[in-house]
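These are my notebook entries on one model, set down in the order in which I looked things up.

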Amino acid sequence: MLDAAFFRRWMAAAAAAVDREAGRLTELDSAIGDADHGANLQRGFAAVTAVLDKEEPGTPGAVLALAGRQLISTVGGASGPLYGTLLRATGKALGEAAEVDREQLAGALGAGVAAVGRLGGAVAGDKTMLDALLPSAEALHESFAAAREAAEAGALATAPLRARKGRASYLGERSIGHQDPGATSAALLMGALEGAAG
Ligand code: ADP
Ligand code: MG
């Protein structure tokens, strides 16, 4: 079973992964955006780990709701409200249970991903974080490893796509041939989840 400590480990692992890969995320965002994705997420997840250490929320749902609120209030870029909504809506779907299982998390993450779609208006194939998150939430019904693999495959598959949402869409055809930064960070988030579980 997955308790509040597990969800705090997930957020700490996500912060570490974003720190490690910040240069790469910024490089990807400099090709089709404004070169701030790495710094945006570093700032956001550092604030998330700090607030979780301070407030010590006691349930999985409360950990994710607090993390999401913190991302929304600390990240200026589009990715802050989007990832913040992902975590908040996932946390809300988990309710007040003290422990949840992977199957419940998969269902809740599906609700979180749907909330990201409603907020940003993007669908599969628009070359956004959803291209990693949608298949990953589905694959989480199978295993943590499958969820990480699906997110990585989804991120790689954004390269040949033309961006239809967000800053990269301003480039039109010129966005083709570059991997989406947000889909890449979504794969880091799902890798961190697998790491927290292992
Ligand atoms: P900004 O674009 O404001 O500089 P970031 O660089 O932090 O913000 O994040 C960019 C990422 O956000 C993109 O690579 C994409 O994955 C994601 N994104 C942008 N707009 C949307 C949207 N409408 N729906 C889903 N994801 C989006
Ligand atoms: Mg950017």
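Helices, as I use the word here, are DSSP runs of H or I of at least four residues, numbered from the N terminus. The model is a predicted one, and I treat each value below as computed from it.

**Entry 1. Gln179 and the loop before H8.** I began with Gln179, which I located in the loop between helix H7 (144-156) and H8. Is Gln179 buried or exposed? I count Gln179 as buried because its relative accessibility is 13%, and the limit for buried is under 20%. I then looked up its partners beyond four places in sequence and found contacts with Arg24, Leu28, Ile32, Ala155, Leu156, Thr158, Ala159 and Thr184. With Thr184 there is also a polar contact between the side chains, at 3.0 Å.

**Entry 2. Helix H8.** I next took H8 itself, which runs over residues 181-197 and has 17 residues. From first to last C-alpha I read 25 Å, close to the 24 Å expected at 1.5 Å a residue. How many of its residues are buried? I noted 13 of the 17, and I describe H8 as mostly covered. At the start of H8, I found a side-chain oxygen of Asp180 within 3.2 Å of the backbone nitrogen of Gly182.

**Entry 3. Ligand 1.** Asp180 came up again when I listed the surroundings of ligand 1: there are 20 residues around the ligand, and His37, Asn40, Ala78, Ser79 and Asp180 come nearest. I then checked polar atoms. An oxygen atom of ligand 1 is 2.9 Å from an N or O atom in the side chain of His37. For the side chain of Asn40, the corresponding distance to an oxygen atom of ligand 1 is 2.8 Å. Arg167 places a polar side-chain atom 3.3 Å from an oxygen atom of the ligand. As for cover, ligand 1 has 570 Å² of accessible area on its own, and the protein covers 92% of that area.

**Entry 4. Helix H2.** His37 and Asn40 are also among the buried residues of H2, so I turned to that helix, which spans residues 37-55. Its 19 residues should span 27 Å at 1.5 Å a residue, and I found the end C-alpha atoms 27 Å apart, which agrees. Besides those two, the buried residues include Gly38, Leu41, Gly44, Phe45, Ala47, Val48, Val51 and Leu52. Against which helices do they pack? I recorded helix H1 (4-32), helix H3 (60-74), helix H4 (79-94) and H8. Just after H2, Glu56 takes a positive phi of about 45°.

**Entry 5. Arg8.** Glu56 appeared once more when I looked up Arg8, a residue of helix H1. Beyond four places in sequence, Arg8 is in contact with Leu52, Asp53, Glu56 and Val63. Arg8 and Val63 are 55 residues apart along the chain, yet I read 6.8 Å between their C-alpha atoms. I count Arg8 as partly exposed because its relative accessibility is 26%.

**Entry 6. The magnesium ion.** Last, I asked which residues coordinate the magnesium ion (ligand 2). They are Asp29, Asp34 and Asp36, each through OD, at 2.0 to 2.3 Å. In sequence, I noted the donor spacing as D-x4-D-x1-D. Asp34, at 32% relative accessibility, counts as partly exposed. Asp36 counts as partly exposed as well, at 24%.

Terms used. Residues numbered from 1 in each chain as written. Chains lettered and ligands numbered in written order. Predicted model: local features only at pLDDT ≥ 70, side-chain atom pairs only at ≥ 80, totals over all residues. Heavy atoms only, no water. Donors = N, O, S within 2.8 Å, 3.2 Å for Na, K, Ca; no water. Buried < 20%, exposed > 50% of the residue type's maximum accessible area, 1.4 Å probe, protein only. Expected span 1.5 Å × (residues − 1). Polar contact = N/O pair within 3.5 Å; in protein donor to acceptor, adjacent residues only side chain to side chain. Near = heavy atom within 4 Å. Areas by Shrake-Rupley, 256 points an atom, 1.4 Å probe, with all protein chains shown as cover. Contact = heavy atoms within 4.5 Å.
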